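Hi,

Here is the structure I promised to pass on. Have a look at it first, and then read my notes below.

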Amino acid sequence: MVESTLIYRYDALPLCGSVDDDNSSNAQALLEQKKKCKILISKITPNSEPQATIESDDYNIHYLISQSIIYLCICKKSYPRKLAFSYLSEIANEFYNSHGADALSRTARPFGFSSFDNFLNKTKKIYQDQRAQSNLDKLNNDLADVKKVMTKNIEDLLYRGDSLDKMSDLSSSLKQDSLKYRRRAQRINFEAMIKQYIPVVGAGLIFLFLCYYYLKK
């Protein structure tokens, strides 16, 4: 399930956050995840992946960057990633349409859009409902291809100092390697085709030459 939602500006200004149950059994664990979200925000740059999943203990932190605003949700690992990004996409569209201009202005204040929490709560309840989850999973097959969403462990970010930029670099590198191997495969296939058909073409030319020679006589 979606445990918490956070909305930040690119410059790390907090714009809005969901009102969570502080008396729940996992309140302390959720607080720790929120602290990690702040670290995650500080590592996001223009070169970072526009959407990614960060694995952290028993949770996944999913984020989506849209129109210079960062949307994050903290979910249990069992919660479907496709639904998490569907949820973030819906939140992003509504928030930008309602508050985008004000949120990106210089006069925006920390948590100055707390009224948006009403929409967060309503939308979160929809995504908590098991029947809604089943329907959304069918309706949003093309919304987010989770196989293409980069995944990274929070430990790499906190203790090994990895950057989210590396994920983008890795993606570009994989794409270049893929193109390189595709060209190589095409060349190998072409060479194999030539080797396969050269004897046939050669024999055909010899046959035509012999036919021409004897007919000319």
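What percentage of the residues of the protein count as buried? Of the 217 residues, 37% do. Please keep in mind that this is a predicted model.

Starting with the overall layout, the secondary structure comes to 6 helices and 6 strands. Along the sequence they follow the pattern β-β-α-β-β-β-α-α-α-β-α-α. Among contacts with a separation of 6 or more, 65% are between residues 24 or more positions apart. As for the surface, the protein exposes about 13,600 Å², and carbon and sulfur atoms supply 54% of that area.

The aromatic rings are what I enjoyed looking at. The count comes to 5 aromatic pairs. One of them joins Tyr 87 and Tyr 127, which sit edge-to-face at 5.4 Å centre to centre, with 70° between the planes. Tyr 87 belongs to helix α2 (residues 81-103) and Tyr 127 to helix α3 (residues 117-128), so this pair ties together parts that are 40 residues apart in sequence. Both tyrosines, Tyr 87 and Tyr 127, are buried.

Another edge-to-face pair is made by Phe 95 and Phe 113, with 5.8 Å centre to centre and 80° between the planes. This pair also links distant parts of the chain: Phe 95 is in helix α2, while Phe 113 is in the loop between α2 and α3, 18 residues apart. Phe 95 and Phe 113 are buried too. These two phenylalanines belong to one aromatic cluster, together with Tyr 71, Phe 116 and Phe 119.

Happy to chat about any of this whenever it suits you.

Best wishes

Technical notes. Residues numbered from 1 in each chain as written. Predicted model: local features only at pLDDT ≥ 70, side-chain atom pairs only at ≥ 80, totals over all residues. Heavy atoms only, no water. Phe/Tyr/Trp six-rings, centres within 6.5 Å; stacked < 30°, edge-to-face > 60°. Helix = DSSP H or I, 4+ residues; strand = E, 2+ residues; numbered from the N terminus. Buried < 20%, exposed > 50% of the residue type's maximum accessible area, 1.4 Å probe, protein only. Contact = heavy atoms within 4.5 Å. Areas by Shrake-Rupley, 256 points an atom, 1.4 Å probe, with all protein chains shown as cover.
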